[in-house]
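User: I am new to this structure and would like to learn how to read it. Please take me through it one feature at a time.

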Amino acid sequence: NEANYRFGYAKHFLRLVDLCVQSQANCLAASKAGIAWLRENFEYVDADGTARPFGDAVVGGLAKSTKTFETGVVQGAGTSGTTTTYAVPYDGGWHPTKPAPPKATIAGTALAAQLDAWTSKGVVEADAAAAVKWTSDYFSTGGSLDSCRFVLIGAGSAMGPCAKLLEHGAHVVAIDIPGVWGKGGKRPASGLWKRLFGLAAASPQGSLTYPKTASISEETEAAGCDLLNECKEIGDWLCDAWLPTVPAGATICIGNYTYLDGELHVKLSVCADALIDRLLSAAKKKAGVKKTACAFLCTPTDAHVVPQAAYYGARDNLAKRPYRGLENMFGKLTGLLKPNLAMPIPVDKDAKDPLVAHRYICDGLSVAQGPNYALAKRAQHWRAVVAFDAGHVVSSVVAPSTATLSVIHNKTFAWAYGGMPTFGFEIFKQDTTNAVMTAVLLHDVLNDDAVKNPSSTAGKAVGNGLEIFSSESVHGGLWRSPYTVDTIGEVSALIYFSDLAKPYLTGLGVGASMLALAALLVTFPSST
């Protein structure tokens with residue numbers, strides 16, 4: 001009954017989180033109901049035009065298969081010595097004045113020191129830093145990925161782990177768009193597969209396996225599949241052709257790294273969810289499989305249950321603002337600069353320990369991203385909750401705001417990114433995010449004691465499914481920001497421009513932040 005759902009959706013997502021944190025029963029029931037609703041209400045249209053509910057067509061198997069994929073493999077021929085050091089590309093955060101990819105890498109003690117610095121600054125949580133250190137130690141002591149199989153839906157994604165996994169000798173199954181798409185154009189999809197093939201060929205001991213169309217002779221064009229229109233066929237290939245080849249003792253992890261704009265993102269999530277559900281179920285039944293896992297990169301711009309320490313960190317950072325009075329006045333006038341302090345939600349009125357009696361929420365929703373984006377990411381949460389309850393490892397971790405091309409091509413986002421460090425953020429460069437988030441993924445999949453493993457002592461202590469997303473967060477400062485991310489964008493952009501003008505305005509004796517706020521007070525005097 002929301003009159004303007006496009007801009008009024010956020011409160012409904014917050015209400016859903018509120019209901020889910022009340023109990024694990026609520027959380028699990030809502031997650032199952034959400035998945036069921038998507039499968040009942042999205043239609044799948046066969047090649048002959050027959051339309052059925054997605055659940056009946058793809059999950060139930062009624063859709064008519066249009067093809068059978070064959071299997072292609074690129075075997076790595078790199079040297080084994082490259083896997084002994086886990087390095088993270090890093091030379092500082094991204095800024096519009098410093099947009100180049102990292103020119104340096106950090107590893108070992110230097111990586112540990114940077115992780116400690118990020119933790120101290122509030123850019124990552126301490127358990128995320130510990131996870132990255134664990135992975136670094138794993139490789140430095142001779143650890144191998146030979147027994148792992150990583151199925152990556154959206155393998156060529158800018159934010160995905162494919163390159164880093166292959167660098168360290170992993171066996172990757174790549175699901176991505178058909179290489180024949182765009183043939184003859186400026187950006188043919190065959191270029192994506194050429195890049196993936198090159199990464200695989202340079203991998204030490206690793207490999208890249210992919211579905212391909214036999215009737216196409218050029219391999220970079222034959223590779224790939226159409227997730228939206230060939231979901232059932234991809235599932236058949238994964239479970240009937242690829243899965244039987246997996247050796248005993250293997251760990252199988254399937255992750256969704258897809259993205260498209262608008263409603264296509266939701267459709268991708270629905271299709272990817274069906275693949276994840278099907279493969280996890282089949283792998284769990286396969287004799288000899290050691291461990292099953294699914295993986296997602298959570299957006300920081302969502303409503304999350306957060307640790308108590310992060311909540312109080314945001315409160316402390318608000319109290320320390322040097323121009324708090326001016327910012328408070330500005331916030332009242334404009335509706336911007338809303339404190340990042342959602343009321344704790346009581347969940348156990350009889351508990352004396354406030355950490356047990358309440359759960360803490362960070363409202364990181366960005367209304368500008370729209371309800372389609374929010375629903376697509378929430379669908380991933382639903383699968384994570386259901387999978388964890390079913391005994392699968394779930395590496396669903398909050399990733400930082402990252403300067404990918406798809407984001408910074410929008411100049412307003414780039415400008416806002418330029419000013420967000422004023423509020424405690426660090427905007428990550430793409431290569432840095434890839435390496436850090438892959439390290440957390442590997443920790444979750446390989447470490448039997450990880451909190452993301454429902455069989456571990458820490459995993460068994462997870463009292464609510466939404467707590468899956470509150471551990472090991474690399475939020476980039478959002479959870480501890482003094483103000484909600486949805487109310488700092490305009491201010492951040494003006495701070496960025498005032499910083500550019502700073503050398504010319506120092507004679508005025510006015511700080512950049514105050515200049516930006518003064519400008520906004522003039523710009524938005526009647527926005528209330």
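User: Are the two faces of strand S8 buried or exposed?

Analyst: To read this, take the residues of each face in turn and look at their relative accessible area, where under 20% means buried. In this predicted model, both faces of S8 are covered. Ser 207, Thr 209 and Pro 211 are buried on one side, and Leu 208, Tyr 210 and Lys 212 are buried on the other. Six of the six residues of S8, which spans residues 207-212, are buried, so the strand is largely enclosed by the rest of the structure.

User: Which strands pair with S8, and in which sense?

Analyst: Look for bridges between strands, then for the sense of the pairing. Strand S3 (residues 70-75) pairs with S8 in the antiparallel sense, over six bridges. Strand S7 (residues 171-175) pairs with S8 in the parallel sense, over three bridges. Thr 209 takes part in both pairings: Val 73 stands opposite Thr 209, and Val 173 has Thr 209 as its bridge partner.

User: How does the chain cross from S7 to S8?

Analyst: Follow the chain from one strand to the other and note what lies on the path. Here the path runs through helix H8 (residues 190-201), and this β-α-β crossover is right-handed.

User: What is special about phi of Gln 205?

Analyst: Check the sign of phi, and then the residue type. Gln 205 has a positive phi of about 65 degrees, although it is not a glycine. Gln 205 belongs to the loop between H8 and S8 and is partly exposed, with a relative accessible area of 40%. Glu 472 is another residue other than glycine with a positive phi, near 60 degrees. Glu 472 lies in the loop between helix H19 (457-460) and H20, but is buried, at 3% relative accessible area.

User: How many aromatic pairs does the structure hold?

Analyst: For each pair, read the distance between ring centres and the angle between the planes. The structure holds 19 aromatic pairs. One of them is Tyr 86 with Phe 139, which is stacked, with 5.9 Å centre to centre and 15 degrees between the planes. The pair links distant parts of the chain, 53 residues apart: Tyr 86 is in the loop between S3 and strand S4 (88-89), and Phe 139 is in helix H6 (residues 126-140). Tyr 86 is buried, with a relative accessible area of 1%, and Phe 139 also counts as buried, at 1%.

User: What is the geometry of the pair formed by Trp 415 and Phe 497?

Analyst: The same two values are read again. Trp 415 and Phe 497 are edge-to-face, with 5.1 Å centre to centre and 65 degrees between the planes. Trp 415 lies in helix H17 (residues 411-419) and Phe 497 in helix H20 (residues 489-505), so the pair ties together parts that are 82 residues apart in sequence. Trp 415 is partly exposed, with a relative accessible area of 33%, and Phe 497 is partly exposed at 35%.

User: Which residues form one aromatic cluster with Tyr 86?

Analyst: Trace the rings as a group. Tyr 86 forms one aromatic cluster with Trp 134, Tyr 138 and Phe 139.

User: Which charged end sits over the ring of Tyr 86?

Analyst: Look for a charged side-chain end over the ring, then read its distance from the ring centre. The charged end of Lys 164 sits over the ring of Tyr 86, 4.9 Å from its centre. Elsewhere, the charged end of Arg 6 sits over the ring of Phe 7, at 4.6 Å from the centre of that ring.

Note on methods: Residues numbered from 1 in each chain as written. Predicted model: local features only at pLDDT ≥ 70, side-chain atom pairs only at ≥ 80, totals over all residues. Heavy atoms only, no water. Buried < 20%, exposed > 50% of the residue type's maximum accessible area, 1.4 Å probe, protein only. Helix = DSSP H or I, 4+ residues; strand = E, 2+ residues; numbered from the N terminus. Pairing = 2+ DSSP bridges. Right-handed = clockwise from strand over helix to strand, strands pointing away. Phe/Tyr/Trp six-rings, centres within 6.5 Å; stacked < 30°, edge-to-face > 60°. Lys NZ or Arg CZ within 6 Å of the ring centre and 35° of its normal.
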